[in-house]
Amino acid sequence: MADNPGAQVVAGSTDHGVEVNIRGARAPYVVAVDRIAELREFSFGPDEVVVGAGLTLSEVERLLVGRVPLLAQLFPQFASRLIRNGATIGGNLGTASPIGDTPPALLALDASLVLSSRNGDRVVSLADYFTGYRTTLKEPDELIRAVRIPMPLAPVTAFHKVAKRRFDDISSVAVGYALDVVDGTVVSARIGLGGVAATPLRASATEAALTGRPRTEMTVREAAAVMASEGTPMDDHRASSTYRSAMLGQSLLRLYAAHRPDRLEASA
């Protein structure tokens, strides 16, 4: 890759394969990485979870066995089983699409990426990784080697996907949540968004509106109004900007309804 900076990297080829099949795209040089052992590591420890970028979504799902609840909610909504059997977690991040499903969830999980080249490894926060529409901090000679998720996990998590079809569809809006609530107060909040800007992003204004405040219906409704203004939603054939903004606000209300304080106390 260092000798061929214009090389097209493929693993499951569920994205580039469409370009080849439908649009007749032909890369001058293709590097297949799906069988590189160093991209297929996995570990689950007390301090972090490490997921190799070359693992397919189905493999990650089996290896995690539900131990990261936010990702457990994501997997069934990611395309179809056929796609998840080939698509890799690194590929979904490498395309840098603003409507990819894994970035919002991984942003909420405060994930970081290990980028590798023949010069060595470097670690970048996923929150800093995306620099513009389909552009990232990754250099042409670098591969995404692994995704790191810090432990412990936040107790209140969810993944919401709004799309025209339940399965095998691209999201109009995707939201990942990870909230830590102590004695009824939100002590930390991380919210990842997809489909509402040129890049996946953190809903920083909404996070600030929630953090340090009691998790009451009033707080959530005020934060939902803030969340409806996050990003720069656009009109396209999937949804209007007005609809996308409305779905952001409704998503936060939906999270509160599913994790009401009285329900959490009753389950405890």
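Start by selecting Ser-112: in this predicted model, its relative accessibility is 15%, so the residue counts as buried, the cut-off being under 20%. You'll find Ser-112 in strand 5, which covers residues 112–117. Now show what surrounds the side chain and backbone here. Setting aside neighbours within four places in sequence, Ser-112 is in contact with Val-123, Val-124, Ser-125 and Leu-126, and also with Ala-146, Val-147 and Arg-148.

Next, zoom out to the sheet. Colour strands 3, 4, 9, 5 and 6, and you have an open sheet of five strands, in the order 3-4-9-5-6, with antiparallel pairing. Strand 3 (42–44) and strand 6 (120–125) are the edges, each pairing on one side only. Look along the sheet for its twist: on average, neighbouring strands are turned by 20° against each other, direction ignored.

Stay at the strand 3 edge for a moment. Strand 3 runs antiparallel to strand 4 (residues 48–52), and three bridges join the two. Pick Phe-44 and look across: which residue in strand 4 stands opposite? That's Val-49.

Now follow the chain on from strand 4 to the loop that leads to helix 2 (57–64), and select Thr-56 there. Is Thr-56 buried or exposed? Its relative accessibility is 11%, so Thr-56 counts as buried, given the cut-off of under 20%. Leave out residues up to four places away in sequence, and Thr-56 touches Arg-84, Asn-85, Gly-86, Ala-87 and Thr-88.

Time for the pockets. Turn on a surface and find the largest one, which holds about 1,500 Å³ of space. To land at its centre, select Asp-15, His-16, Gly-91, Asn-92 and Thr-95, the closest to that point of the 49 lining residues. Several elements each give two or more residues to this lining: strand 1 (8–10), helix 1 (16–23), helix 5 (89–94), strand 8 (135–136) and strand 9 (143–150). Colour the lining by class and you should get 20 nonpolar, 17 polar and 12 charged residues. Strand 9, by the way, you have already met in the sheet, where its place in the order is between strands 4 and 5.

Last stop: the second largest pocket, with a volume of about 240 Å³. Its lining has 16 residues, and the closest to the centre are Pro-98, Ile-99, Ala-197, Met-234 and Asp-236. Colour this lining by class too: eight residues are nonpolar, five polar and three charged.

Terms used
Residues are numbered from 1 along each chain as its sequence is written. This is a predicted model: local features need pLDDT of at least 70, side-chain atom pairs count only at pLDDT 80 or more; totals for chains, interfaces and linings use all residues. Side-chain values use heavy atoms; hydrogens and water are left out. Helices (H or I, at least four residues) and strands (E, at least two) are DSSP runs, numbered from the N terminus. Buried means under 20% relative accessible area, exposed over 50%, partly exposed in between (1.4 Å probe, protein chains only). Contact means heavy atoms within 4.5 Å. On a 1 Å grid over the protein atoms alone, a cavity is a set of points where a 1.4 Å probe fits but cannot get out, and a pocket is an open set with protein on both sides within 12 Å along at least five of seven lines; lining residues have an atom within 4 Å of a point. Grid points are joined across faces, edges and corners, and a volume is the space filled by probe spheres set on the points. Ala, Val, Leu, Ile, Met, Phe, Trp, Tyr, Cys and Pro count as nonpolar, Asp, Glu, Lys and Arg as charged, and the others, Gly among them, as polar. Two strands pair if DSSP finds at least two bridges between them. Axes are lines fitted to C-alpha atoms, for helices over the stretch in contact, and angles run from 0 to 180 degrees between N-to-C directions.
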